[in-house]
Amino acid sequence: MKDLKDFSIPFIGLRLGSHLFEYQISKKFFEAYNFDEFNDCDVHVSINLTKKSTFIELDFKVKGSVNVPCDVTTELFDQEVKGDLHLIVKFGPEFNDDNDDVLIIPHEEYQINVSQYIYELIILSVPNKRIHPKVLDGTMESEALKRLEELKIKENNAAEEQDSTDPRWDKLKDLLTDK
């Protein structure tokens, strides 16, 4: 995790007010977490740290793309990633991150490592179902799509099956109309 030391922000020497920190995230960042679902990564992270007298506010903004396989065709494509996170850092007797919006760190701390928050924000910004844009607009041609089209259930067959019913059920329907 020594690669992640670059993500430690020393706040003790900062004056009160707003400070901007920017990071460029690549695949190497995710290798530190042993996360290998992305083939490549190009994400820009900007963190606006606002130091107040009794607490610190962190506003994270991520924007970029990650190269992932399509869930339908397994073709690689660049998935757009965009997200933001607001975090309040307070000081207390011991470390506590039970609340998602408030982080409590010990009074004697002089820096905060933001790598875990960047990691989680990027991961959660990627959609659960990743579909190649060419699949959505219908311009992609691949063997997987052709095979899926062949295996697709035909709607005409389903409609014909609904029209032809078992004669035994028809007799039961007559009982309802005889009243």
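This is a short walk through the fold, the sheet pairings, the core and a few single residues of one chain. The model is a predicted one, and every value I give is computed from it.

I will start with the overall make-up. The chain has 179 residues, and 32% of them count as buried. It holds 6 helices and 7 strands. Going along the sequence, the order is β-β-α-β-β-β-β-β-α-α-α-α-α. Now the contacts. If you take those with a separation of 6 or more, 57% come from residues 24 or more positions apart. The accessible surface is about 12500 Å², and carbon and sulfur atoms make up 50% of that.

Next, the strands. I will go through β3, β4, β5 and β6 in that order. β3 and β4 run antiparallel and are joined by 12 bridges. Between these two strands there are 3 residues, and the pair forms a hairpin. To fix the register, look at Asp42, whose bridge partner in β4 is Ser65.

Stay on Ser65 for a moment. What stands opposite Ser65 in β5? The residue there is Glu80. So much for the register; here is the pairing as a whole. β4 covers residues 55–69 and β5 covers residues 76–92, and they pair in the antiparallel sense over 15 bridges. These two strands also make a hairpin, this one with 6 residues between them.

On the far end of my list is β6, residues 102–106. How does β6 run relative to β5, parallel or antiparallel? The two strands run parallel, with 5 bridges joining them. One of the pairs here is Ile88 with Val102, the latter in β6.

Now a single position in β4, which is Val62. Its bridge partner in β5 is Gly83. Lys82 is 20 residues away from Val62 in sequence, yet the two C-alpha atoms are 5.4 Å apart in space. Is Val62 buried or exposed? Its relative accessibility is 3%, and the cut-off for buried is under 20%, so Val62 counts as buried. As for what surrounds it, I leave aside neighbours within four places in sequence. Val62 then has contacts with Val43, His44 and Val45, with Val81, Lys82 and Gly83, and with Leu121, Ile122 and Ser125.

That leads to the core. The largest nonpolar core has 37 residues, and the members touching the most others are Ile25, Leu58, Val114 and Ile118. Elements giving two or more residues to this core are β2 (17–25), α1 (27–31), β3 (40–51), β4, β5, β6 and α2 (115–125). Of these, β4 gives the most, with 6 residues. For one of those well-connected members, Val114, here is the contact list, again without neighbours within four places in sequence: Phe7, Ile9, Tyr23, Ile47, Leu58 and Phe60. Note that Leu58 is on that list and is also among the four I named for the core.

Two residues deserve a look for their backbone angles. The first on my slide is Asn34, in the loop between α1 and β3. Phi of Asn34 is near 55 degrees, which is positive in a residue other than glycine. The relative accessible area of Asn34 is 71%, and with the cut-off for exposed at over 50%, Asn34 is therefore exposed. The other is Thr74, in the loop between β4 and β5, that is, in the turn of the second hairpin I described. Thr74 is not a glycine either, and its phi is positive, near 65 degrees. How does Thr74 count, buried or exposed? With 62% relative accessibility, Thr74 counts as exposed.

Last, the surface. Trp169, Leu172 and Leu175 form a nonpolar patch there, and together they have about 350 Å² of accessible area. Leu172 is in helix α6, which spans residues 167–177. Its relative accessible area is 44%; that value falls in the range between buried and exposed, so Leu172 is described as partly exposed.

To go back over the main points. The strand order I used was β3 with β4, antiparallel, then β4 with β5, antiparallel, then β5 with β6, parallel. The core takes 6 residues from β4, and Val62 in that strand is buried. Asn34 and Thr74 have positive phi values. The nonpolar patch holds Trp169, Leu172 and Leu175. That is all I have.

Note on methods
Residues numbered from 1 in each chain as written. Predicted model: local features only at pLDDT ≥ 70, side-chain atom pairs only at ≥ 80, totals over all residues. Heavy atoms only, no water. Pairing = 2+ DSSP bridges. Helix = DSSP H or I, 4+ residues; strand = E, 2+ residues; numbered from the N terminus. Patch = residues over 30% accessible without salt bridge, like charges linked within 9 Å, V, L, I, M, F, W, Y side chains within 5 Å. Areas by Shrake-Rupley, 256 points an atom, 1.4 Å probe, with all protein chains shown as cover. Salt bridge = Lys/Arg side-chain N within 4 Å of Asp/Glu carboxyl O. Buried < 20%, exposed > 50% of the residue type's maximum accessible area, 1.4 Å probe, protein only. Contact = heavy atoms within 4.5 Å. Core = buried A, V, L, I, M, F, W, Y, C linked by side-chain atoms within 4.5 Å.
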